[in-house]
Amino acid sequence: MFVRGLKRKCFDGEEDIEGTLAGIKAIPSYNLQRQSLLDMSLVKLQLCHMLVEPNLCRSVLIANTVRQIQEEMTQDGTWQMINTQSTGQASLDRLVSTDILCRSSREQAEGKHVPGYSTFTKDFEGDQAQDNSETMSTASSVQAPRNLQSNVWEMENPQENKGNFQKSLDQIFETLENKSPNSVEELFSEVDNSYYDLDTMLTGMMSNTKMGHCDGLETFSSPSTTTSNSNCKSDLNELDHIVEILVES
Amino acid sequence: FAGAGGGNDIQWCFSQVKGAVDDDVAEADIISTVEFNHSGELLATGDKGGRVVIFQQEQENKTQSHSRGEYNVYSTFQSHEPEFDYLKSLEIEEKINKIRWLPQKNAAQFLLSTNDKTIKLWKISERDKRPEGYNLKEEDGRYRDPTTVTTLRVPVFRPMDLMVEASPRRIFANAHTYHINSISINSDYETYLSADDLRINLWHLEITDRSFNIVDIKPANMEELTEVITAAEFHPNSCNTFVYSSSKGTIRLCDMRASALCDRHSKLFEEPEDPSNRSFFSEIISSISDVKFSHSGRYMMTRDYLSVKIWDLNMENRPVETYQVHEYLRSKLCSLYENDCIFDKFECCWNGSDRQQRRFSTELFFFLPRLCSIVMTGSYNNFFRMFDRNTKRDITLEASRENNKPRTVLKPRKVCASGKRKKDEISVDSLDFNKKILHTAWHPKENIIAVATTNNLYIFQDKMN
């Protein structure tokens, strides 16, 4: 099943894992590590939005990494795992593997102040209104992956580049939504509604409600269908076009 | 490299350190750019708080012929202030991303400084005399009653304490939607370029209300965005040629004579990926953080996360030289991704041109050595690295207050990648990833280097014999 043995070099600490069990566990552990990397990347993209303005280069690089993982997972046929595990039970395994993954350097990092990542999560905790986000800290804490992924979309700040940029990942998930329509459609249902509010966006209030997109969960009732998603997208394009003109004039 | 090598090797000694001694770093004091002016007499730093500090080298003291002049503070000014973008509801950071000096044309000095959105042209001028003896004004500035004036005198200039004034002469604003990462002055000394993540604009130094867009890689549909511009620079001699690097590890050379919008490159420099090193982090570590032309313009140097590459402008398919800065980090990429260090943007620089480097030519009688012969770049743990292109030797040095004695030769450092750690070596796991040297600069004529740690500026000189 390991078509390309070259991938063995991907992860830190991998040698330890392979050393103990002569390659038998290497295959599931690779998947686990890959999944951890995917989760970590999604968290990073989400945290991007808390900054002054996201570093576009960093966001693009992380998104490309996510895309790469998803492409590979699609080819391997393991993409379905994400949806079946969206209830959150297997999440612990995946996050634990991140712990194993980065253990040696995390111990070192905890001893020293690592500014970027942990600071962002603290800010995130401070600003959060939603219960499901308050528990989010380092990767070693328990966090339901569905909330993780749904938070990526709900937290998004509808500025021109970020909004459009998130949509690119939107589409990746969208192509896979056919495999499990229910959970993924629910993911999309809340996102686009926030863009309808042109007025609040133009008066700059949307950034104040970027945490409040979670509040949006309470106000928006049932998940919409795929047709409404495409309507959302065309409206979104118009909106972005308007914003683009305003920004660049 | 230092010490036991041949007589031509440079021996670096600590000279000075500027900045707070505290371990507790104030965020505003984080140094974000370092640049010598064209003569090397002035050294400018920019910080996260939007300030520019310029140091001036003392005139060489004839009695102290064993060391060159020290750098002392010459001028400090607030270049950029934090702003608020009301449309996007976002703060615009005042952090100075780059400083570039203009060549000196008269008594004043000029530099360009930029934050994420706005470029400013600053004039730094000295005043050491003031006029005295006005007819209509008292010395304190109060106006005299004209009816009390019975004689006339000619005002004269009298000496005063030196005052260095910085004033903004031009403000180039509202031309960048994305964050400016580079500015580069053209060899015509009339125009310059500014590059953000997706676009490059061409400006005239005299004209602030418009600029020309010369590169635009923004896709029509932002969903398709996969690559951004990371750095750009004009060719040192050809005023129509510039290069820009990308997050995918490519460099494009463009000729402005070809078309108004240089979306089609004249040359594309890209090294094919090494399949044995492929991982999910391959693209991230291939992202180029800095690009610098050699003084002749024949070569250019790029910095990606793990290496420095030298490219011959005549060969697009691979670099002519590659130097590993900290290969021992390759097995740690996942951790460095988690703590975001993998996104650190290291800069690189060439040694200064001319005189000093001709020492190498005594050995190489039959052909001229490459004068841009040493490259320098930073790493973690306050280490910085130099690679000698002629001898193929490299050295790791540390910027630390512990090597504080002037004229003491710096001890080379070594990182132990794996296995048994020898005495004086440092293991990879002990490296402090918060102590990073992102910005270094080499004096244009002398062997003097400026190395910026998080909030301190170190100046090292070679040991003059």
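A pocket, on a 1 Å grid over the protein atoms alone, is an open set of points with protein on both sides within 12 Å along at least five of seven lines, and its lining residues have an atom within 4 Å of a point. The model is predicted, and local features need pLDDT of at least 70, while side-chain atom pairs count only at pLDDT 80 or more. Residues are numbered from 1 along each chain, and chains are lettered from A.

**Exercise 1.** Describe the lining of the second largest pocket.

Step 1. Among the 36 lining residues, Glu35(B), His38(B), Glu233(B), Phe293(B) and His295(B) are the closest to the centre of the pocket.

Step 2. Strands here are DSSP runs of E with at least two residues, and helices are runs of H or I with at least four. Strands of chain B that each give at least two residues to the lining include S2 (31-36), S16 (229-234) and S20 (290-293).

Step 3. By class, the lining has 15 nonpolar residues (Ala, Val, Leu, Ile, Met, Phe, Trp, Tyr, Cys and Pro), 7 charged (Asp, Glu, Lys and Arg) and 14 polar (the others, Gly among them).

**Exercise 2.** Identify the parts of the structure that supply the largest nonpolar core.

Step 1. Such a core joins buried Ala, Val, Leu, Ile, Met, Phe, Trp, Tyr and Cys residues through side-chain atoms within 4.5 Å. Buried means under 20% relative accessible area, exposed over 50%, and partly exposed in between, with a 1.4 Å probe and protein chains only.

Step 2. The largest core has 44 residues, and Leu37(A), Tyr305(B) and Ile342(B) are among those with the most contacts inside it.

Step 3. At least two core residues come from each of H2 (26-48) and H3 (56-76) of chain A and H1 (282-286) and H2 (333-338) of chain B. H3(A) gives the largest share, 9 residues.

**Exercise 3.** Locate the salt bridge between Asp344(B) and Lys436(B) and state its burial.

Step 1. A salt bridge places a side-chain nitrogen of Lys or Arg within 4 Å of a carboxyl oxygen of Asp or Glu. For Asp344(B) and Lys436(B) the N to O distance is 3.0 Å.

Step 2. Asp344(B) lies in the loop between H2 and S24 of chain B, and Lys436(B) in the loop between S29 and S30, 92 residues apart.

Step 3. Asp344(B) counts as buried because its relative accessibility is 15%; Lys436(B), at 18%, is buried too.

**Exercise 4.** Examine the phi angle and exposure of Arg407(B).

Step 1. Most residues other than glycine have a negative phi. Arg407(B), not a glycine, has a positive phi of about 70 degrees.

Step 2. Arg407(B) sits in the loop between S27 (394-398) and S28 (414-416) of chain B, and its relative accessibility of 51% makes it exposed.

Conventions: Heavy atoms only, no water. 1 Å grid on protein atoms, 1.4 Å probe; cavity = no way out; pocket = protein on both sides within 12 Å on 5 of 7 lines; lining within 4 Å.
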